[in-house]
Amino acid sequence: YDCPCGDARISYQLALCGADVTGMDINPRFVEQAKARFRSLGLSGTFSTGDMRNASYPGGCDLFLNWFNSFGYFSEEENRRHMKTMADCIRPGGILVLEGPNLEHILENTKLKYQENGALAHDEWDSEKRRMNITYPPEKGEEAVVVSIRVYSLEEYKELFAEAGLVFEQVYAEHFRPYTSDAMRIILIARKPE
């Protein structure tokens with residue numbers, strides 16, 4: 001279950017390996033792009049528009065994929081409920097794969113700038129609220145978009161997993177490299193007990 005799926009840039013690779021992919025995203029444009037990507041590759045997949053806080057997967061999925069800054073958008077209470085919602089979608093023995101920014105790296109680099117679609121984007125760290133505020137440059141006459149994400153430490157993630165009924169298994173840096181505190185990204189694997 002790829003949720004939120006965006007344009008399925010991650011899950012199409014899983015489908016190429018034989019996975020049965022279901023995806024959901026709140027943005028209808030992304031859902032249409034995901035469907036088009038799968039069609040163009042001759043892959044089957046089921047994609048729908050919806051709020052990831054309302055995700056459900058009757059019978060439970062083997063893998064729940066929450067990738068690239070897709071966790072932490074909400075209040076502390078809503079983020080905890082969202083973690084529980086993801087856990088409820090996973091069958092016993094199944095796993096959650098969650099990828100996002102690494103708090104340790106953010107604390108060392110409080111203002112980050114990078115290229116996003118040819119324009120300069122920037123992140124600012126709010127140490128009091130422990131939130132990363134990302135400003136995306138305007139596109140085609142639109143205004144800039146600011147997104148705020150609560151960034152959790154590894155220990156905080158472990159607590160969130162346990163509270164949701166998941167067991168932490170492994171942590172990696174970007175590209176599934178060994179995790180170090182200076183890694184820009186963090187990939188977490190948690191399993192639902194059988």
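Colleague: Which elements each supply at least two residues of the lining of the largest pocket?
Modeller: This is a predicted model, so take the pocket in that spirit. Its volume is about 1,300 Å³. Those that each put at least two residues into the lining are β1 (21-25), α2 (28-40), β7 (131-136) and β8.

Colleague: And which lining residues are the closest to the centre of that pocket?
Modeller: The largest pocket, at about 1,300 Å³, has 40 residues in its lining. By type, the lining splits into 21 nonpolar, seven polar and 12 charged. The closest to the centre are N27, R29, F30, Y73 and Y136.

Colleague: What about closed space: how much lies in the largest cavity?
Modeller: Rolling a probe the size of a water molecule over the atoms shows where empty space is left. With a threshold of 30 Å³ or more, the count is one cavity. The space in the largest cavity is about 30 Å³.

Colleague: Which element gives the largest share of the lining of the largest cavity?
Modeller: The lining consists of N69, S70, F71, L98, E99, G100, P101, I149, R150 and Y157. Two elements, β4 and β8, give two or more residues to it. With four residues, the largest share comes from β4.

Colleague: How do the residues of that cavity lining divide into nonpolar, polar and charged?
Modeller: E99 and R150 are in the lining, and Glu and Arg both count as charged. Gly counts as polar, and G100 is in the lining too. The full split is five nonpolar, three polar and two charged.

Colleague: On to the rings. The search finds 10 aromatic pairs; what is the pair of F71 and Y157?
Modeller: The ring centres of F71 and Y157 are 6.3 Å apart, with the planes at 45°. The stacked class needs under 30 degrees and edge-to-face needs over 60. That angle falls in between, so the F71 and Y157 pair is tilted.

Colleague: How many residues apart in sequence are the parts that this pair ties together?
Modeller: Both F71 and Y157 are buried, and ring pairs link them with Y152 and F161 into a cluster. F71 sits in the loop between β3 and α3, while Y157 belongs to helix α5, so the pair ties together parts whose separation in sequence is 86 residues.

Colleague: And the Y172 and F176 rings: what is that pair?
Modeller: Y172 is partly exposed at 26% relative accessibility, and F176 is partly exposed too, at 44%. Their ring centres are 5.3 Å apart and the planes are at 65°. Over 60 degrees is the cut-off for the class, so this pair is edge-to-face.

Colleague: Let's sanity-check a helix. What should the 14 residues of α3 span?
Modeller: Helix α3 covers residues 76-89, and the rule is 1.5 Å a residue. The end C-alpha atoms of α3 lie 20 Å apart, which agrees with the expected span of 20 Å.

Colleague: What do the buried residues of α3 pack against?
Modeller: The buried residues in question are N79, H82, M83, T85, M86, A87 and C89. They pack against β3 (61-66), β4 (90-101), β8 (145-150) and α5 (154-164).

Colleague: Last one: how far apart in space are E139 and D20, C-alpha to C-alpha?
Modeller: E139 lies in the loop between β7 and β8, and with a relative accessible area of 47% E139 is partly exposed. In sequence, E139 and D20 are 119 residues apart. In space, C-alpha to C-alpha, the distance is 34 Å.

How values were computed: Residues are numbered from 1 along each chain as its sequence is written. This is a predicted model: local features need pLDDT of at least 70, side-chain atom pairs count only at pLDDT 80 or more; totals for chains, interfaces and linings use all residues. Side-chain values use heavy atoms; hydrogens and water are left out. The expected span of a helix is 1.5 Å times one less than its number of residues. Buried means under 20% relative accessible area, exposed over 50%, partly exposed in between (1.4 Å probe, protein chains only). Contact means heavy atoms within 4.5 Å. On a 1 Å grid over the protein atoms alone, a cavity is a set of points where a 1.4 Å probe fits but cannot get out, and a pocket is an open set with protein on both sides within 12 Å along at least five of seven lines; lining residues have an atom within 4 Å of a point. Grid points are joined across faces, edges and corners, and a volume is the space filled by probe spheres set on the points. Rings of Phe, Tyr and Trp (its six-membered ring) pair if their centres lie within 6.5 Å; planes under 30 degrees apart count as stacked, over 60 as edge-to-face and the rest as tilted.
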